[in-house]
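I opened this model to see how its chains are built and where they meet. My notes follow in the order I looked things up.

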Amino acid sequence: MVARTPWCVTDATVPVVGTLLDVDVEALVLTDPTVVLVQPPVQGNPPHLADLSAKRGWNLVEIRINSFDDIGRAVGAVADALEPVSTGPLHIRADECMERLTASCAPIESASQMGGVALLSSVRDNGALGFGEGSYLAQAVERMGCHVAPLSGPFTQLSLEEICALEVSTLIICDANPDERVVQGPLSKFWIVLAPHESLLMPSPSLVDGLELMRRSLVDVVQLMNARREATP
Amino acid sequence: MLGLIAVVIGLVLFRLVLGRTSDGTLSLDLPSGIALQLRSGAVFSGALAGACLGLAGLLLQILLRNPLAAPSVLGVTSGAALGVSAATVLSVNAGSIAGSSFAALLAQLGGIELIGAMVGSLCSLFLLGWMARRRGGIDPISLVLAGVVLGAVFGAIAMALQWMLPPHSRADVSLWMMGRVPEWPNVGVAIVGAAVFSLVLLSALRQSTALDIASASEDEARSLGVRIGKLRNTLFVGAGLLTGSAVALCGPIAFVGFVAPHLARIVVGVRSRSLIFAAPLCGIIVLVGADVARLLIPTSHGRLPVGILTALLGGIWFLRFIGRGREAWS
C-alpha cells in the first residue's frame, strides 16, 4: 500500500492523499500507484480521477460497501485487482477472509427467542444513531439469527424515548464512549452488549474480529436469558 | 405577560403529550414511567436553555444599546462552543495528559463541558469588549463586526480541534454543534444552569431602573448617577455565564438570544423590569416550540437537530429586522 485516506488506520506511516471528495492529485501522482481503490460517493467519482487514471495507466477499481454482501464482493475485487492469477496467494487469503467472515456471522442457537435486537452508536443524553435494515451491521446480526428492530432507514437518529419504545430485549452499542448515565438510566431495562466500535463502524481488516467478539457476547446474552427463564417458576 | 405564561404552559403541556415512535408515527398520549421522565427532561432542558439565552440576549441588547446584539451574533455562543470542543479534546486525550484522573472525573460528571463553555463565553465577551472599544465607549458597528469576525475565528479553531479527534468522536462533536435538546440532562449541569439563571435574573431585577437609564445614553446615565462601567461588567459576566450554561446543556443554539428579546418587546413594551421576565419566557417559547416543530417534521433520518430550526427562524427574523432598520440607520 503506497497511499491511503485519513480514515484508513491500517498503517499510519503510509502517506495520506486526501479523500475521494478532495483528492490531493499531486500527492497521489507522487506515490505512483498501480491500482487505485475507490468507494464512489453518491454523486459519482470525480471526473478528473478517471482521466488521470486513464492517462497514467492506473487500474481504477470501484468498490461499494453498503450491504454485508458488498464486503465479500469488495474482498474479491481487491484480490482480482492486485493478482491476475485466481489461484495465487492473495486469492487464497481473500477466500480465508470470506470463510472467517461467514463463520463470524453463523446462526446462534435460540437467537430467535431473544425478542429482538437494536443496533446503536453515539449513545448520548438526547438519543443515539440507530442502524436499521440496509446497513451491513444489521444484516450481519440478522445472519446470526437475531431479529433487528425495524427503523425508518439504514441510519436513523433516534431519541431516547424512541429507543425505549422499541420492542427489543437487547441493545448492541457500538460506541467508544457511550454516556454511562444514559446506559444505566433509561436504557437499563435492556440487555446491553458493548461492541468494539473501532472494528465494526468502518469496514476494515479487523471487522471479522469485531463481529466474532459481538457474536460471543450475543451467545452469552442468549445463555443468560435461557438460564433466567429456566430459573423463573 | 399573563398571555406569555399561558403560551409557555400550553407549549410545555403539548410537548409532554406529543410522542413519536421509531417508525416516525406521531402520537398524542398521556405519558407515564420512563416516557414521562424523558419528555420532562426534554422540556426542562429546552426551557432552561431558552430562558438563559433569552435573558443573555436581552442584557447584551440593553447594555450595548444595540438591537442586533445576541450571544450567537456576537460570537459568544461560538466562543462557548470552542471551549467545549477544547474540553472534549482534553477529555478524549485524558489518558495521556497530566492530571488525567481529575480530567476524566470531570468529563464523567459533565463538568468539563460546563467549565469549557463558561470559560469560552467569558473570554469571547472580554475579547469582544476590547475589540469594539472606541474613545472610552463601545461603537455599535465595530461591535457587530468584531462579533462576526470572532465567531468565524472561533468556529475555525473549533473545526481544527474537531479534526484532531478520532473519526468516531469527530462525528459526535459535529452532531453536537447542530444543537440538541437532551432528554436525560446532566443533573450537575442543570443545577448550575438553574442557579446561574436565578442569580442573574435577581441581579438584573435589582438593577432594572439602572438598566432603563443605561439604555438611553452613557452621558445621561452618568449624570443620573449610574455607574455604567460596573453595571456593564457585572451583567456582561452574567450574560457570559448564561450563554455558557445554555451551550453546556444544549450545544450552540443560534438566534434564540436574538429573537426572544424582540418578541418580548412586542408583547410587554420596552421597560426593563417587564422585559427581564418576558425575554426568558419568549426564549422558552422559541426553544421548546422549535423542539415541538422538529417532532412534527418527518424525515427518513430521524428528528432534525433543533439548532437548524432556530437558525432558520432567527435568520429570517434577523434579515427582516435589518431590512426594516436600514432606512432608520441611514
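What percentage of the 233 residues in chain A is buried? I got 32%. I keep in mind throughout that this is a predicted model.

**Entry 1: chain A overall**

I counted 9 helices and 9 strands in chain A. I then fitted a box along the principal axes, and the C-alpha atoms of chain A fill roughly 75 × 40 × 30 Å. I also checked contacts in chain A with a separation of 6 or more. Residues 24 or more positions apart account for 55% of these.

**Entry 2: the two domains of chain A**

I found chain A divided into domain 1, residues 18-104, and domain 2, residues 111-231. I put their centres 30 Å apart, taken over C-alpha atoms. I looked next at where they touch. 9 residues of domain 1 of chain A are in contact with 8 residues of domain 2 of chain A. On the domain 1 side, α3 (68-82) and α4 (89-104) of chain A each supply at least two residues. I sorted that side of domain 1 by class: 4 nonpolar, 3 polar and 2 charged residues.

**Entry 3: the sheet of chain A**

I traced an open sheet of 5 strands in chain A, with mixed pairing. Its order is β7-β6-β5-β8-β9. Which strands stand at the edges? I found β7 (155-158) and β9 (191-195) of chain A there. Each has a single partner strand, so one side of each is left without a neighbour in the sheet. I checked the twist too: neighbouring strands of this sheet are turned by 30 degrees against each other on average, direction ignored.

I looked at one pairing in detail. Strand β6 (residues 127-131) of chain A pairs with β7(A) in the antiparallel sense, over 4 bridges. I noted that A:F131 has A:F155 in β7(A) as its bridge partner.

**Entry 4: helices on the sheet**

I asked which strands α5(A) lies across. They are β5 (117-124), β6 and β8 (170-174) of chain A. I read its angle to β5(A) as about 145 degrees. Helix α9 (residues 207-231) of chain A also packs on the sheet, touching β8 and β9 of chain A. Its direction makes about 165 degrees with that of β9(A).

I went back to α5 of chain A, residues 136-143, for burial. A:L137, A:A138, A:Q139, A:A140 and A:V141 are buried. After α5(A) I came to A:G145, whose phi is positive, near 100 degrees.

**Entry 5: the nonpolar core**

Nonpolar side chains tend to be buried together in soluble globular proteins. I looked for the largest nonpolar core here and found 142 residues in it. Those with the most contacts inside it are A:L119, A:V141, A:I172, B:C52, B:L55, B:L59 and B:L242. Helix α2 (residues 33-63) of chain B gives the most to this core, with 17 residues. I also saw at least three residues drawn from each of domain 1 (18-104) and domain 2 (111-231) of chain A.

I picked A:L119 and listed its contacts, leaving aside neighbours within four places in sequence. They are A:G130, A:F131, A:L137, A:A138, A:V141, A:V148, A:I172 and A:C174.

**Entry 6: a loop residue**

I chose A:D32, in the loop between α1 (25-31) and β3 (35-38) of chain A. Is A:D32 buried or exposed? I counted 10 C-beta neighbours inside 10 Å, so A:D32 counts as exposed. I also checked A:D32 against A:R56, 24 residues apart along the chain. Their C-alpha atoms are separated by 8.8 Å.

**Entry 7: chain B and its contact with chain A**

I counted 14 helices and 4 strands in chain B. Of its 330 residues, 48% are buried. For contacts in chain B with a separation of 6 or more, residues 24 or more positions apart account for 78%.

How many residues does the contact take from each chain? I found 26 from chain B and 27 from chain A. On the chain B side, β1 (18-20), α2 and α7 (167-176) each supply at least two residues. α7(B) gives the most to that side, with 5 residues. By class, I sorted the chain B side into 9 nonpolar, 10 polar and 7 charged residues.

Key
Residues numbered from 1 in each chain as written. Chains lettered and ligands numbered in written order. Predicted model: local features only at pLDDT ≥ 70, side-chain atom pairs only at ≥ 80, totals over all residues. Domains from an automatic or database assignment. Contact = placed C-beta atoms within 7 Å. Nonpolar A, V, L, I, M, F, W, Y, C, P; charged D, E, K, R; others polar. Buried ≥ 20, exposed ≤ 12 C-beta atoms within 10 Å, placed from the backbone. Core = buried A, V, L, I, M, F, W, Y, C linked by C-beta atoms within 7 Å. Pairing = 2+ DSSP bridges. Axes fitted to C-alpha atoms, helices over the stretch in contact; angles between N-to-C directions.
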